[in-house]
Amino acid sequence: MDFARPDVLLALATDLAAEPGLAGRLPASPDHRAWLRLDTRTGTAAWLIAWPPGAGTAWHDHGGAAGAMVALAGTLTERSIEAPARHPAGEPLPLPGGTGRVRALAAERGRAFTGRHIHEVANEGSVTAYSVHVYAPDLALMRHYVAVGETLRLIGSETDRDW
């Protein structure tokens with residue numbers, strides 16, 4: 001099975017999200033995101049994430065890994081762009097409208113993305129949201145960005161040793 005294909009990752013995330021009682025395995029904090037690594041196939045990484053109201057991420061990528069995410073409960077808002085092919089890491093990226101593409105991801109909905117995907121995700125709702133995220137290859141690097149007008153600028157990175 002080719003786990004580098006986003007559609008395959010979305011199918012895996014959907015299967016993991018269908019586990020009865022999965023959200024109950026991760027108690028939600030009222031103040032910040034919580035996450036739990038899930039058992040999955042070799043060459044992939046999977047996480048269950050709890051998002052209390054107002055919680056979110058800053059702009060980031062997944063170090064070239066393809067991925068998928070599926071909402072279990074609540075609604076998440078994703079703002080995203082695709083970096084152009086062969087875009088040099090560290091070079092500013094265009095951020096159309098200062099937000100990129102905006103999508104709502106409601107419960108039981110999912111989406112897949114390539115290794116050029118850059119996004120921020122937030123729970124802008126009033127109830128805790130839960131989601132499953134799957135990456136291939138295994139998530140080893142994340143780069144962080146800041147929006148400056150209609151541009152994203154690289155501000156740092158972290159590796160799996162930092163988690």
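The second largest pocket in this predicted model has a volume of about 170 Å³. If you want to find it on your screen, look for D61, A83, H87, R143 and Y145, which lie nearest its centre among the 18 residues of the lining. Two elements, β8 and β10, each give two or more residues to that lining. As for chemistry, the lining of this second largest pocket divides into eight nonpolar, five polar and five charged residues.

Now turn to the largest pocket, whose volume is about 380 Å³. Its lining is made of 18 residues, and here R33, I49, T57, M142 and W163 are the ones that lie nearest the centre. Which strands each supply at least two residues of this lining? They are β2 (45-51), β8 (117-122), β9 (129-136) and β10 (141-148). Of the elements involved, β2 gives the most, with three residues. By class, the lining of the largest pocket holds 10 nonpolar residues, six polar ones and two charged ones.

R33 deserves a second look. Besides lying among the residues nearest the centre of the largest pocket, R33 has its charged end over the ring of W51, at 5.3 Å from the ring centre. What about rings paired with other rings? A pair of aromatic rings is described by the distance of the centres and the angle of the planes. How many aromatic pairs does a search of the whole structure find? The count is zero.

With the pockets in mind, let us follow the strands. One open sheet has five of them, in the order β1-β2-β9-β3-β7, and the pairing is antiparallel. At its edges stand β1 (34-38) and β7 (110-113), each of which pairs on one side only. From neighbour to neighbour, the strands of this sheet are turned by 20° on average, direction ignored. To see one of these pairings in detail, take β3 (residues 66-73) and β7: four bridges join them in the antiparallel sense. One residue to click on is M69, whose bridge partner in β7 is R111. When you look along any of these strands, keep a general rule in mind: in a regular strand the side chains alternate between the two faces of the sheet.

A further open sheet is built from three strands in the order β6-β4-β8, again with antiparallel pairing. Here β6 (101-106) and β8 are the edge strands; each has a single partner strand, so one side of each is left without a neighbour in the sheet. The twist in this sheet averages 25° from one strand to the next. Between β4 (residues 75-82) and β8 there are six bridges, and the two strands pair in the antiparallel sense. A good landmark is E78, which has V121 as its bridge partner in β8. You have met β8 before, as a contributor to the lining of the largest pocket.

The last stop is the hairpin of β10 and β11. Its strands run antiparallel and are joined by eight bridges, with β11 covering residues 151-159. Y145, which you saw among the residues nearest the centre of the second largest pocket, has L154 as its bridge partner in β11. Where the chain turns, the hairpin has two residues between the strands, and G149 takes a positive phi near 60°.

Methods:
Residues are numbered from 1 along each chain as its sequence is written. This is a predicted model: local features need pLDDT of at least 70, side-chain atom pairs count only at pLDDT 80 or more; totals for chains, interfaces and linings use all residues. Side-chain values use heavy atoms; hydrogens and water are left out. Rings of Phe, Tyr and Trp (its six-membered ring) pair if their centres lie within 6.5 Å; planes under 30 degrees apart count as stacked, over 60 as edge-to-face and the rest as tilted. A charge sits over a ring if NZ of Lys or CZ of Arg is within 6 Å of the ring centre and within 35 degrees of the ring normal. On a 1 Å grid over the protein atoms alone, a cavity is a set of points where a 1.4 Å probe fits but cannot get out, and a pocket is an open set with protein on both sides within 12 Å along at least five of seven lines; lining residues have an atom within 4 Å of a point. Grid points are joined across faces, edges and corners, and a volume is the space filled by probe spheres set on the points. Ala, Val, Leu, Ile, Met, Phe, Trp, Tyr, Cys and Pro count as nonpolar, Asp, Glu, Lys and Arg as charged, and the others, Gly among them, as polar. Two strands pair if DSSP finds at least two bridges between them. Axes are lines fitted to C-alpha atoms, for helices over the stretch in contact, and angles run from 0 to 180 degrees between N-to-C directions.
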